[in-house]
Amino acid sequence: MDSDLNLKATELRLGLPGTTDAISPPKNNKRSSPDSDSAPSPPKAQIVGWPPIRSYRKNNLAEAESGSFVKVSMDGAPYLRKIDLKVYNGYLELLEGLEKMFKLTIGEYSEREGYKGSEYAPAYEDKDGDLMLVGDVPWEMFESSCKKLRIMKASDARGLGCAV
Amino acid sequence: MCLSQSVMNYFPEEVLEHVFDFVTSHRDRNAVSLVCKSWYNVEKFSREKVFIGNCYAVNPERLIARFPRLRSLSLKGKPHFADFNLMPHDWGGHVYPWIEAMSKSRINLEELRLKRMVVSDESLELLAKSFPNFKSLVLVTCEGYTTDGLAAIASNCKFLRELDLQENEVDDRKGHWLSCFPESCTSLVSLNFSCLKGEVNVAALERLVARCRNLRSLRLNHAVPLEVLQKILVHAPQLNDLGTGSFTHDPNSETYVKLKNAMKNCHSIRSFSGFLDVNGRCLPAVYPICASLTALNLSYAPGIFSNELAKLIRHCKKIERLWILDTIGDKGLGVVANTCKELQELRVFPSDPYGVGNAAVTEEGLVAISAGCPKLNSILYFCQQMTNAALITVAKNCPNFIRFRLCTLNPIVPDAATNQPLDEGFGAIVQSCKGLTRLSVSGLLTDQVFLYIGMYAERLEMLSIAFAGDSDKGMLYVLNGCKKLKKLEIRDSPFGNMALLSDMGKYETMRSLWMSSCQVTLGACKTLAEKMPRLNVEIISENEGGAGEGEASLDDRDRVEKMYLYRTLVGPRTDAPDFVRTL
């Protein structure tokens, strides 16, 4: 088990009982080495059954967090649609899917210009409720933070189109 | 005692029976039956409620012979650590043999309460058809059935009062089990289907609620939208306990206004849960009932942000039981501490179990609660970090803990301020809380903490240990010191044969012992099993594909990965799968 602490007496040992090394309660605070100024990071591999919460609860959180169906609204459209983000493997597929669903063209993303040159710009609402331009962050990060999609008219999206 | 005993013997049995009617707790009734033969017999024939903490400690035949007038049975199957994937699937805990035996013996079963058992559709069907007066089915953390089984219960149990499914794994078969409650069914008092994943027939649900005038407790699932909740509340303003399904809607809509009004009319709601899918802006609808709430469970609602939580909680001055997620933060716990002066039980669950980042709650939150809530007696706290100083303060503030369960997200994290083990902190807890019956420890811990536990935790009945201790001494301190210990569960700790075999008789005074990823060897387990015939010592292999491969190569000197032992009156069980070997 990883342990960066210098407290030998309290070191978690999995040797057979009866092995040498007298075990005495830690007498003294030897501070750990300077490179761990916060609590040791969690063990690298996920431990089975830790933290001890029931699968039922874990699944509930997982669903809520990566609830993959998100609403998609389009400015001017009378009703919303819903799509399953899990179905797409990346931004290209997502945008293609949106283009098909709403019969429009979104155009190409560039970090600098956003979706300049197209009629529409895809935006999304993230966990904090902020309106963000689709495409800036890695796909996985987008997947887990996207709560809602909004296809905005490019004229409204001018502010979003410019990267600083 | 002699004089009064002979006096009591002159009482006719009916009088004794009447007196025993007032003795309700299981332990007291067990004691009564030990006094003398005549009391044993009177008690035996008048006992209606039986609790069996380990379904393999006895068998159905013995139960029925012992208590032929049984009406209410409570059974527990798998051990606690099975909740955390430490027990392979199909280990056991089937309820069918029990239902079958009671059915054959014409037991007049009215209530069945199961925890961690495997319940098949077949068992539910047999249950539904065998017991005409069946009234109450409570399944906690069970699995193995589908909504077809529920349909059988709904269709056949004419006097059903309670159907309570808590955190079950149920296969949803797209049937319409709710519609199977006949129009003539008006007896429901409690209905909880919050754990079901699929759609329900909402029209049938509304009609059911409308005709069950005695309905007091209703917990809906995810699939029931807010519009339907509103209609249900209009039909059932008498509810005591409400679990919402989905709670998201446009707060500007008419539906939402209607909901707010319906809620205002629900003067009896004392317990609230759900918010399985929630829009924070809909929460104000709930404010009117907050003032009278005594129990609130928001632990399934990760969508509520901490400031919304705090706002909600400020309305809940009478809360006695609060279950939340750590998204509440230390600050939010401060709000709880200032507001909830009646708080007795707090559970703070992790919202991000594997996340390394955002320290959601720390020792500060716990200290604040202990300082602000004088009636606190039960806590389950998942936290990023802890300190001895905090635990010592908590121990001083709250000497009345009955249950204290602390879980650090990193199982061996030391004191965040001093880098020391957390021995002193837990030591303070056991020393101060003389009534402590349940304890779970975590964080960096040496044998010292077990010395304290053995020394001070005189009333301790259940102890959970993970990644703790240095040597057999640790386990020995506990086995020697905790006289009332009933359940001991240990994982990933360096306790071995010496500790296991030091006091073998002790295990007959306990319900069970679980040890996984420790240092006990097969040879020692064999020795124990040989010397103690009234224990089942089960060795559970990893590979579910039969005992062949793994077992053949297992030598007496090899460590055993998982051992579960329990006292029993009926010897090795007959339904053990291949990967379980009873020594």
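In this predicted model, helix α10 of chain B runs over residues 226–235. Its buried residues are B:Leu226, B:Val228, B:Leu229, B:Gln230, B:Ile232 and B:Leu233. An α-helix has 3.6 residues a turn, so residues three or four places apart point the same way. As for what sits on top of those buried positions, the cover includes two helices of chain B, α9 (202–211) and α11 (254–264). Strands β9 (217–219), β10 (241–243) and β11 (246–247) are also part of that cover.

Further along chain B there's another helix to look at, α21, spanning residues 522–531. Here the buried set is B:Leu522, B:Gly523, B:Ala524, B:Cys525, B:Leu528 and B:Ala529. Those residues pack against helix α20 (497–501) and against three strands of chain B: β23 (535–540), β24 (562–567) and β25 (580–582).

Now zoom out to the chains themselves. Chain B has 22 helices and 25 strands, while chain A has four helices and five strands. If you walk along the sequence of chain A, the elements come in the order α-β-β-α-β-β-α-β-α. Here are some totals for the two chains.

| Chain | Residues | Buried | Accessible surface | Carbon and sulfur share of surface |
|---|---|---|---|---|
| Chain A | 164 residues | 36% | about 10500 Å² | 51% |
| Chain B | 583 residues | 59% | about 23200 Å² | 50% |

Contacts that reach across the sequence can be put as percentages too. In chain B, residues 24 or more positions apart make up 73% of the contacts with a separation of 6 or more. For chain A, 48% of the contacts between residues at least 6 apart in sequence join residues at least 24 apart.

How does the radius of gyration of chain B fit with a compact globule? A compact globule with 583 residues would come out near 25 Å, and chain B has 25 Å, so the value agrees. Along its principal axes, the C-alpha atoms of chain B fill a box of roughly 70 × 65 × 60 Å. As for charge, chain B carries 67 positive and 65 negative charges, and their mean positions lie 7 Å apart.

Back to single residues, starting around strand β7 of chain B. B:Val170 is part of that strand, which covers residues 169–171. B:Val170 counts as buried because its relative accessibility is 8%, and the cut-off is under 20%. Setting aside neighbours within four places in sequence, B:Val170 touches B:Tyr145, B:Thr146, B:Thr147 and B:Leu196. B:Leu312 is 142 residues away from B:Val170 along the chain, and their C-alpha atoms are separated by 32 Å.

One of those contacts, B:Thr147, belongs to helix α8 (residues 147–156) of chain B. Is B:Thr147 buried or exposed? B:Thr147 is buried, with a relative accessible area of 2%. The side chain of B:Thr147 also reaches the backbone nitrogen of B:Arg173, at 2.8 Å.

Next comes B:Glu167, in the loop between β6 (162–166) and β7 of chain B. Most residues other than glycine have a negative phi, and most peptide bonds are trans. B:Glu167 isn't a glycine, yet its phi is positive, at about 55°. B:Glu167 is buried as well, at 11% relative accessible area.

Which side chain makes a polar contact with that of B:Glu167? The partner is A:Arg54, in the other chain, at 2.6 Å. Leaving out neighbours within four places in sequence, B:Glu167 is in contact with A:Arg54, A:Tyr56 and A:Arg57 on the chain A side. On the chain B side, the contacts of B:Glu167 are B:Thr141, B:Cys195 and B:Tyr300.

B:Asp492 has a positive phi too, near 50°, and it isn't a glycine either. You'll find B:Asp492 in the loop between β21 (487–491) and α20 of chain B.

Finally, a backbone detail from chain A. The peptide bond from A:Trp50 to A:Pro51 is cis, with omega near -5°. A:Pro51 sits in the segment before α1 (55–65) of chain A.

Terms used
Residues numbered from 1 in each chain as written. Chains lettered and ligands numbered in written order. Predicted model: local features only at pLDDT ≥ 70, side-chain atom pairs only at ≥ 80, totals over all residues. Heavy atoms only, no water. Rg over C-alpha atoms; globule rule 2.2 N^0.38 Å. Buried < 20%, exposed > 50% of the residue type's maximum accessible area, 1.4 Å probe, protein only. Contact = heavy atoms within 4.5 Å. Areas by Shrake-Rupley, 256 points an atom, 1.4 Å probe, with all protein chains shown as cover. Lys, Arg positive; Asp, Glu negative; His and termini not counted. Charge placed at Lys NZ, Arg CZ, Asp CG, Glu CD. Polar contact = N/O pair within 3.5 Å; in protein donor to acceptor, adjacent residues only side chain to side chain.
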